[in-house]
Amino acid sequence: MSELSGYKNESLKILNNAGVSIGDLIKIITKTTEYSGNLLPRYEYSEENYIVIKLSNGYNIGIDARNITNIQKIMSGEKPKFSPPEKPNVKESLPKIAILGTGGTIASRIDYKTGAVNPAFSAEELYSIIPELSTYANINTELISNIASEQMNPEDWTNIAEKVIEKINEGNQGIIIGHGTDTMAYTSAALSFALKNCPIPVIITGAQRSTDRPSSDASLNMISSVIMASKKVLNGVYLAMHTSIEDNEVSIHSGTRVRKNHTSRRDAFQSIGIDPIAIVDHGKVTVGEESIENNSKFDPKIKFEENVSLLKFHPGFNTEMIDKLIELDVKGIILEGTGLGHVNSRCNKSIKKAIDNGMFVGMTSQCLHGRIKMTVYSAGRDLLSIGVIPLEDMLPETALVKLMWAYGNYENKEIKDIMIKNIAREYTERSILGR
Amino acid sequence: MDKKNYELKVGLEIHQQLASSTKLFCNCNGFNVNGNEVYFKRILRPTQSELGKTDPAALFESKKSKQMNYIADTNTSCLVEADEEPPHEISQEALDIALTISYLLGSEPVDEIHVMRKLVIDGSNTTGFQRTVIIATGGELHVRDLTVPVLSISLEEDASRIINKNKEESTYSLDRLSIPLIEITLAPMKFKKEETEKIALTLGRLMRTTGKVARGIGTIRQDVNISIDGKNIIEVKGVQQLNILTDIIEFENQRQSNLIKIKEKLIERGIKEDNFNIKSTEITNIFNNTNSKLIKKVLEGNGKIIAIKAPKFRGLIGKEDHKGTRLGRDISSLVKFFGFGGIFHSDELPNYGITEDECKRVTDKLENEKDDGFIILTGDAENMDVAVKSIENRLLQCIIGIPAETRMPTEDGMTNFMRPRPGSARMYPETDIIPVKIYEEKRIAIKESLPRSYEEQIDNYKQNIGLNDKLSVQIFDSKYKALFEKLIKEVNIPANYIAAQLTETMIKLSRNKLNVTRITDIELGKIFKEIESGIIAKESFETIIEDMCRNDKKIDEIINEMKENRLTDKDIEKIILKIIDMKKEIIKEKGNDSFSILMGEAMKQLRGKVDGKIVSDKIQKLLNN
């Protein structure tokens, strides 16, 4: 039995010959010195010829297999035993909240022997790592998928929506979705449309800083999401992440007007054009003015048409790309134009062709902030006259998701009306001063 | 006590800050503060290990779950220090310095270095861990006839500086965070006082031969691992001054011996691990009418009083054969950690207003017998359970002997309990950084450019550069060593002068409370260049530095001023001629002997503006005319 994961060629040969496995305490003799330590699995990004061991002082080192003259096994390794923590006593009267995992880790456990960081996801584990949860809710957890969020596709949004509906039917009073931050805002937009008029709060959250570290923003984000969900103050789909780089406030953002604006900072997620819908600070929820009452029937529409494109215009843009999209039978295009909603007029021919072919072409701005207005300059007016539909101040990514959703659930002739209708707060009515 | 089985062994671990141009994992420089500060607050949470439990040391720290306040000067810290951005690649410069020092010790660098995360949750690292990497193993330090084996050499991030600490919050400054440190771990050696000091001194000097290590208070720290039974190791962290190092080792020797004596006495009195009858009970009511001011204060604040039975401990808690080594003192430190003021114990009572009668009622309540003692803990009901448990545990550890602990040094050569020692190094890979290979070309390049030894360098200063004995050692030990070596190549001024300004003058000014560390090497270089050109008089060095520190002036400003006010040759002659004219009677009288009077008068007017030598040459010349 020799699982020598990651090792290949020279290193694999030398380890096999010595009859050692991962975890064994071994002695390695090289041409110049000797080491003893526990054999670790090979890292992903390293060259084949290096063997990694953990020394008794806890440090890992890599040894060039070509320098090794001998390997001896000192002792067999023990398999790490995991003892799951006990479930705490949680009051039955607390609201029942479901926590769904999609792959972005909410909490982890570290195996110091191997250095592995394993996701911790059962309710017992979450209560153990984030004890505060037991004062706010009775949680149940389910891992729906385990993928990094940049690997997600629109069909994953459909799966998540289905799960949410299932959890609503099981009587949960709130749902938290743990999600990777890369495409979190895409998912929150998708669910905002798919689950319009949701009768309970559905809050998507995650962590910018890895959950193995004591400084991770995961716990505060999760606690705040659970507080928000358990207080039943607002129904609908929201995204919850740190407001600032400090561990105090967490912002509850509208699912359609939030964007990831920094690669790594805790406060990467920002609402654009509106304030966050609510703030959770030290256990207290403050709801802003933007919240709306919702009494309409919950009638989920959860399909998404993947074959839709988002094109960012730039100087030198190759208009043939639009022609290619027509060939690929793309259903619709969202343009990220410049300024008030413009592209180089040499694109107009191809755009007209696309529209005449039945494609929906909508315009948003790569400025992200502000409203488009295509009647101001001739470039915009020309686009309007060929049938490009202005999408006000909808964020480009949200417009893409909405178009996928529209094509997934409605007839072609309905698409335009759906796109210009304000369904899930994706448009703002007024451009507020001083923001 | 049978001392034959116990041998005091001491293992030194030296942490030295490097003087690299950037921090270890980003491009900030930790020494150049600009005064622009950003503040933010965080909470660090304990992590879980596979065992579903947290490590005792981490649990210990996390019980407090404090708020951490961070102050970040925007020149010395960036998003990396704020844990808002992944680390950049490891500094090659720092790596090269570490490899150089490794080769100087004959250590063997590892083939591929793996950066690790080492859990630290007292707040001094914003991430909750310290990045550390082992660079080399093996090697030897030669100290006269002594050879000390080197266990390992690592490169790691320095921690942030504690500004303030109280029960609820800790405040740290991030300027020091992530400055590269080299850590050299020496093998434990039998302790001999003179040798230990020499070892630390020699190792410090060896590192300084590179010219690339930081100098000044706090740039070098020693941790000492002390053990008298060879099994349980006490780590004393952060000894900054060499002269208390041996005091601390001697103190630990006594303290640990005392613990062994306590163990032996307990055994003699019939205690074994399985019949240790520890218990605790609330005794608040016993003090309802007490006259003790300390206790009354606690009761007024709605506090509680708990007594812990210490079976067979009579005479052992207060036992102090050597100052500061009594068990009671350590238990006091232990509860201070949880925010309590201290303890009372049976060996020191009655005292502090607590009467014999009150003591008897305590012993009755605890059902104490002849040789039993007790400990009293008073304070806020809130954290009491944890504190009481920790006292009970500490008493239980007395039957084992010496618990493994981390302690800290005091200014007067004693140690205080800091925290329990972690079970094993809580380290796991820093996966944001790909392991770095140390290729053959790098090894050869480093080996070929190793600095000369301490003795060779001092010799070179004396023989080739012309420094006297005192200045040679001073400049070698100074933070300006590298600058000095650069200047003597670039600037044509006597080396003794340069060395004296960089050591004696700068030290003198810093003793006058001037912040001379803010003056950069570049600024100093400019001053010497202008001294060479004559714009700045040699005598002015001190006043210029003072001006820069006190009045926040920039060197370029000062040089421009001097250039504008510079006296030409003609100006100088004019002034001197005037003086000669003024003093012509005296000159007539004394002839060449009037020189010193003229010189005195001239320097009165020209000191700081013109070099003394130039003035004296001019006077000679004009006199002779």
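## The β7–β8 hairpin of chain A

A:I110 lies across from A:V117, a residue of β8(A). This pairing belongs to a predicted model, in which strand β7 (residues 108-111) and strand β8 (residues 116-119) of chain A run antiparallel and are joined by four bridges. The two strands form a hairpin with four residues between them. Within the turn, A:G115 adopts a positive phi of about 85°.

Both strands also belong to the elements that give two or more residues to the side of chain A that touches chain B; that interface is described next.

## The interface of chain A and chain B

Contact between the two chains involves 51 residues of chain A and 51 residues of chain B. Together the chains bury about 4400 Å², of which 51% is on carbon and sulfur atoms. On the side of chain A, the residues that lose the most area to chain B are A:Y59, A:Y112 and A:P214, which together account for 19% of what that side buries.

Polar interactions are also found here. The count of residue pairs in polar contact between chain A and chain B is 23, with both residues at pLDDT 80 or more. Eight salt bridges are found across the interface. The side chains of B:R117 and A:D212 form a salt bridge, with an N to O distance of 2.6 Å. The elements of chain A that give two or more residues to this side are β3 (50-55), β4 (60-64), β7, β8, α2 (123-129) and α5 (218-230). Of these, β4(A) gives the most, with five residues.

## Nonpolar cores

The largest nonpolar core has 109 residues, and those with the most contacts inside it are A:L39, A:I51, B:L155, B:I184 and B:F313. Helix α4 (residues 242-268) of chain B supplies the largest share of this core, namely eight residues. A second core, separate from this one, has 50 residues, including A:A98, A:I204, A:M394 and A:A399.

The surroundings of B:F313 can be set out in detail. Apart from neighbours within four places in sequence, B:F313 is in contact with B:I262, B:L266, B:F276, B:L327, B:L395 and B:C398, among others. The list of contacts for B:F313 further includes B:R269, B:D347, B:D371, B:D372 and B:G373.

## Overall form of chain B

Chain B has 20 helices and 24 strands. Taken along the principal axes, the C-alpha atoms of chain B fill a box of roughly 105 × 65 × 50 Å. Of its 625 residues, 54% count as buried. Among contacts in chain B between residues at least 6 apart in sequence, 74% join residues at least 24 apart.

## The setting of A:T428

A:T428 is located in the segment after α10 (415-420) of chain A. This threonine counts as buried because its relative accessible area is 10%, whereas the cut-off for burial is under 20%.

Two polar contacts involve the side chain of A:T428. One, of 2.5 Å, joins it to the side chain of A:D393; another, of 2.9 Å, is made with the side chain of A:R371. When residues up to four places away in sequence are not counted, A:T428 touches A:R257, A:G273 and A:I274 as well as A:R371 and A:D393.

Note on methods
Residues numbered from 1 in each chain as written. Chains lettered and ligands numbered in written order. Predicted model: local features only at pLDDT ≥ 70, side-chain atom pairs only at ≥ 80, totals over all residues. Heavy atoms only, no water. Pairing = 2+ DSSP bridges. Core = buried A, V, L, I, M, F, W, Y, C linked by side-chain atoms within 4.5 Å. Buried < 20%, exposed > 50% of the residue type's maximum accessible area, 1.4 Å probe, protein only. Contact = heavy atoms within 4.5 Å. Buried area = accessible area lost by both parts, 1.4 Å probe. Salt bridge = Lys/Arg side-chain N within 4 Å of Asp/Glu carboxyl O. Polar contact = N/O pair within 3.5 Å; in protein donor to acceptor, adjacent residues only side chain to side chain.
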